[in-house]
Amino acid sequence: MADDDPNEARAIERVQAGDAAAYDYLVRKYLGRAVSIAYGVVRNAHDAEDLAQEAFVKAYRSIGRFRAGEPFGPWIFRIVTNSALDVLKHRTKFRHEELADTAPAARRDDAELPARSSEIARRIDAALESLPEMQRLVARLHLIEEFEHSEIAAMTGLSDGTVRSHLSLARKKLKETLADLYD
Amino acid sequence: MTEHDDFLARLRNDARPLRHQPDEATLARIHARIMEQIAPQPTLAELLAAWFRPLVATALAISLCAGIGVMTLRDDIAVVDSAIEISVEGDTYRVAD
């Protein structure tokens, strides 16, 4: 929360007053997490980096509309999540049109999984990927990025109840898929 | 903690290696690109000033050289003008200051 971090609140005020250099603090604080969130959606490191970069530039250009006192994190995470979902939709459409390109793309994405991923993590990753889009997004944000329901609701624009519903359905499917690991 | 929550807690723990953590160099590169993109753009007046500044400096340098050249030439003429002519037995001699 911005209330918990006076430096963040001050940085936002200075940026809103036209001091571009003050944006440095916000970028340093949230960039890593933004890249990670984008990666969780698009599953490609380069795309995730570009998305995070664009999200920060977009946020800077809209900083005048940002309400003072609000936390910056959920706002930038929401921008990056929405941008990543747009990329995913575009990519899905593209892949449906050109099925021949699907296999190499999938292999590339899989190869970019963190090298230290254990076999269990890979199983979880595969199970998450088998979920419908919104369940997958909510489950990834909750399980991997470790956001709580309310934070996910703020980031995705979904209601708290919808987030809980998606997570409940995802949890049920994951439990079935990973039954041999967690029984 | 319920059995359901326990399942999620175990999943969270086991899924931790799946979090993508870009290295410092990557973060620094993205950071630099962001700051570059948001850096204030120069106004039209600043752009024109930046373009005209070397032209004005060149013109001033040329004017200065020309001024010094003219002054030197005038001194030479003055020397010539102030020369004294002495005629001795039909021969004319010029004596400068």
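# Exercises on a two-chain model

Of the 97 residues of chain B, 8% count as buried (buried: 20 or more other C-beta atoms within 10 Å of the residue's own; exposed: 12 or fewer; partly exposed: in between; C-beta atoms are placed from the backbone). This is a predicted model, where local features need pLDDT of at least 70, side-chain atom pairs count only at pLDDT 80 or more, and totals for chains, interfaces and linings use all residues. Residues are numbered from 1 along each chain as its sequence is written, and chains are lettered from A and ligands numbered from 1 in the order in which they are written.

## Exercise 1: chain B

Task: Describe the secondary structure of chain B and the pairing of its strands E1 and E2.

Solution. Step 1: count the elements. Chain B has three helices and two strands (DSSP runs, numbered from the N terminus: helices are H or I with at least four residues, strands are E with at least two). Step 2: read the order. From the N terminus it is α-α-α-β-β. Step 3: pair the strands. E1(B), residues 84-88, and E2(B) run antiparallel, joined by five bridges (strands pair if DSSP finds at least two bridges between them). B:Ile86 stands opposite B:Tyr93 in E2(B). Step 4: inspect the hairpin. Two residues lie between the strands, and B:Glu89 takes a positive phi near 50 degrees. Step 5: check burial. E2(B), residues 91-95, lies largely in the open, because zero of its five residues are buried.

## Exercise 2: where the chains meet

Task: Which element of chain A gives the most to the side that touches chain B?

Solution. Step 1: size the contact. It takes 34 residues from chain A and 25 residues from chain B (contact: C-beta atoms, placed from the backbone, within 7 Å). Step 2: list the elements. H2, H3 (45-61), H6 (119-129) and H9 (160-177) of chain A each supply at least two residues. Step 3: choose. H2(A) gives the most, with ten residues. Step 4: sort by class. The chain A side has 19 nonpolar, six polar and nine charged residues (nonpolar: Ala, Val, Leu, Ile, Met, Phe, Trp, Tyr, Cys and Pro; charged: Asp, Glu, Lys and Arg; polar: the others, Gly among them).

## Exercise 3: two helices and a glutamine

Task: How do H2(A) and H2(B) pack, and where does A:Gln53 sit?

Solution. Step 1: take the geometry. H2(A) and H2(B), residues 24-38, pack at about 145 degrees, with axes 10 Å apart (axes are lines fitted to C-alpha atoms, for helices over the stretch in contact; angles run from 0 to 180 degrees between N-to-C directions). Step 2: name the partners. A:Val27 and A:Leu31 are among the H2(A) residues in this contact, and B:Ile30 and B:Ile34 are among those of H2(B). Step 3: class them. The contact has eight nonpolar, two polar and two charged residues. Step 4: add A:Gln53. This residue is in H3 of chain A. A:Gln53 counts as buried because it has 22 C-beta neighbours inside 10 Å. It touches B:Ile30, B:Arg33 and B:Ile34, not counting residues up to four places away in sequence.

## Exercise 4: two loop residues

Task: A:Arg43 and A:Glu146: buried or exposed?

Solution. Step 1: locate them. A:Arg43 is in the loop between H2 and H3 of chain A. A:Glu146 is in the loop between H7 (133-143) and H8 (149-156) of chain A. Step 2: read phi. A:Arg43 is not a glycine, but its phi is positive, about 60 degrees. A:Glu146, also not a glycine, has a positive phi near 60 degrees. Step 3: count neighbours. A:Arg43 has 22 C-beta neighbours inside 10 Å, so it is buried. A:Glu146 has 12 other C-beta atoms within 10 Å, so it is exposed.

Notes
Contact = placed C-beta atoms within 7 Å.
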